[in-house]
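Here are my notes on the fold, to be read beside the coordinates. They go from one helix and its packing to the sheet, then to single residues.

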Amino acid sequence: MAPQQQPTDHWKAKAYAKSASFVPKLTSTVVSWLDPQPTDIILDVGCGDGVLTAEIKERCASVVGIDASTNLIEAARSSYGSVPDLTWEVHDCRDLEKSPHFRLGYYTKVFSNAAFHWILRDPNTRHAVLKAAYDSLKPNGAFVFEMGGAGNVAEVHTALLAAVIHQGLAMQEAREACPWFFPSEKLMKKMLEDTGFTVEKSELEYRPTKLITDNTSGIEGWVRLFSPQFLEKLSASQQEAAVREVCDTLETVLTHEEDGSQWLGYVRLRVMARKI
C-alpha cells in the first residue's frame with residue numbers, strides 16, 4: 001500500500017477548546033465501558049488535546065495518546081507533559097501500525113473518543129486501522145470507542161452539501177469533500193468481526209448536543225472548526241458565502257425559541273469489542 005499523504009492540520013487548539021469543549025464532557029458512558037483499572041496500559045487513538053486522556057490516566061498505569069494534529073498534541077504536552085507515564089505522539093492514525101508506540105500484544109485496552117469518524121473516512125485504510133488496534137492488544141484486551149454514527153449531525157451535513165454546491169461544486173465533489181464517516185451499528189460490527197474482534201456490546205444513541213453560543217462560537221464556530229475540508233476547493237469569498245448560508249439555513253432549525261440555545265443532532269455509536 002502506498003504511503004499515506006500527511007493530512008493538513010486543520011485543528012487549532014484554542015478554537016477546539018472554545019467551540020468543542022463539550023466533547024470530553026459527554027463521555028461518561030464510553031469511559032464507563034472502558035473501565036480503566038490500575039494495571040491497565042491504554043492506547044488512546046485520536047486523543048486530541050488530551051483532556052480526556054489525562055483523566056483516564058488518573059485511573060490506570062500508563063496511557064499513550066496519539067493524534068495527527070501537531071497543534072492539539074502540543075496543547076496536550078503543554079497541559080499534561082509532566083504527568084508520569086502519560087506519553088504523547090503526533091502520528092497519522094490511519095497508519096497506526098507504523099507508530100513508534102505500536103507494539104504487538106502490548107496494550108490491555110485501546111480507546112478512542114470522537115475520532116474514528118475522521119480516521120476511518122478513507123475506505124482504503126479502514127481495515128488496516130482496525131487490524132492495528134487488534135494486533136496491539138494483549139489476548140482478551142478490550143477495544144472501546146465512541147464515534148459519530150449513521151445520521152450524525154444530519155442537519156449541518158445537508159446544509160454544507162447544499163452550500164458548497166450553490167458555490168459551484170459538483171455534487172460528487174461535494175460528497176468527496178466530506179471529512180466524515182458515520183457508519184451504522186450493523187456495518188461497524190461487521191467490520192470489527194471481519195478483523196477478528198468479538199463485539200460484546202454496541203449502541204447507537206441520538207444525543208442532541210447544546211452548542212456554545214457566544215459571538216465567535218455557535219454554528220459558525222462549529223462549521224469552521226469541524227468542516228473546513230468542505231470549503232477547501234472554494235475561493236475565500238465563496239467560503240465565507242457558504243458558511244453564511246449554512247448559518248442562515250440552520251438558524252431556526254437548531255435554535256430553541258425559549259432561550260436562544262442551539263442544539264445539533266448528534267448520533268453517537270459506542271462499541272466494546274474484545275480480542276479473544
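1. Helix 6 as a starting point. The model is a predicted one. Helix 6, residues 126-136, lies across three strands: strand 1 (41-45), strand 4 (107-113) and strand 5 (137-148). Relative to strand 5, helix 6 runs at about 140°.

2. Helix 6 against helix 9. Helix 6 also packs on helix 9 (residues 185-195), at an angle of about 60° and with the two axes 9 Å apart. The two helices are therefore oblique to each other, and the crossing of helix 6 past helix 9 is right-handed. On the side of helix 6, the contact is made by Arg126, His127, Leu130, Lys131 and Tyr134; helix 9 supplies Met191, Leu192, Asp194 and Thr195. Sorted by class, the residues in this contact are four nonpolar, two polar and three charged.

3. The chain as a whole. There are eleven helices and seven strands in the chain. Of its 276 residues, 53% count as buried. Among contacts in the chain with a separation of 6 or more, 77% are between residues 24 or more positions apart.

4. The sheet. Seven strands form an open sheet with mixed pairing, in the order 3-2-1-4-5-7-6. Strand 3 (86-90) and strand 6 (198-210) stand at the edges; each has a single partner strand, so one side of each is left without a neighbour in the sheet. Neighbouring strands are turned by 15° against each other on average, with direction ignored.

5. Strands 1, 2 and 3. How do strand 1 and strand 2 run, parallel or antiparallel? They run parallel and are joined by five bridges. Within this pairing, Ile42 has Val63 of strand 2 as its bridge partner. Strand 2 (residues 62-67) and strand 3 are also parallel, and five bridges join them. Here Val64 is paired with Thr87 of strand 3.

6. Burial of strand 1. Strand 1 is mostly covered, with five of its five residues buried. Ile41, Leu43 and Val45 point one way from the strand, while Ile42 and Asp44 point the other way, and all are buried. Asp44 is thus worth a look in the viewer, as one of the buried residues of strand 1.

7. Ile73. This residue is found in helix 4, residues 70-80. Ile73 has a relative accessible area of 0% and is buried, because the cut-off for burial is under 20%. Which residues does Ile73 touch, not counting those up to four places away in sequence? They are Cys47, Gly48, Gly65, Asp67, Trp88, Glu89 and Val90. Of these, Trp88, Glu89 and Val90 fall within strand 3, which spans 86-90, and Gly65 and Asp67 fall within strand 2, residues 62-67. The C-alpha atoms of Ile73 and His91 are separated by 9.6 Å, and the two residues are 18 residues apart along the chain.

8. Helix 10 and Ser227. Helix 10 covers residues 218-226; seven of its nine residues are buried, so the helix is largely enclosed by the rest of the structure. The buried residues are Gly218, Ile219, Gly221, Trp222, Val223, Leu225 and Phe226. Ser227 is found in the loop between helix 10 and helix 11 (236-254). Ser227 is buried as well, with a relative accessible area of 0%. Leaving aside neighbours within four places in sequence, Ser227 is in contact with Leu160, Trp180 and Trp222. Trp222 is itself one of the buried residues of helix 10.

9. Positive phi angles. Most residues other than glycine have a negative phi. Two residues should be checked against that background. Asp35, which is not a glycine, has a positive phi of about 50°. Asp35 lies in the loop between helix 2 (28-34) and strand 1, and with a relative accessible area of 37% it is partly exposed. Asn140, also not a glycine, has a positive phi of about 75°. Asn140 is found in strand 5, and at 49% relative accessibility it counts as partly exposed, because exposed requires over 50%.

Notes: Residues are numbered from 1 along each chain as its sequence is written. This is a predicted model: local features need pLDDT of at least 70, side-chain atom pairs count only at pLDDT 80 or more; totals for chains, interfaces and linings use all residues. Side-chain values use heavy atoms; hydrogens and water are left out. Two strands pair if DSSP finds at least two bridges between them. Helices (H or I, at least four residues) and strands (E, at least two) are DSSP runs, numbered from the N terminus. Axes are lines fitted to C-alpha atoms, for helices over the stretch in contact, and angles run from 0 to 180 degrees between N-to-C directions. Contact means heavy atoms within 4.5 Å. Angles under 35 degrees count as roughly parallel, over 145 as roughly antiparallel, 65 to 115 as roughly perpendicular and the rest as oblique. A crossing is left-handed if the near helix is turned anticlockwise from the far one by less than a right angle, and right-handed if clockwise. Ala, Val, Leu, Ile, Met, Phe, Trp, Tyr, Cys and Pro count as nonpolar, Asp, Glu, Lys and Arg as charged, and the others, Gly among them, as polar. Buried means under 20% relative accessible area, exposed over 50%, partly exposed in between (1.4 Å probe, protein chains only).
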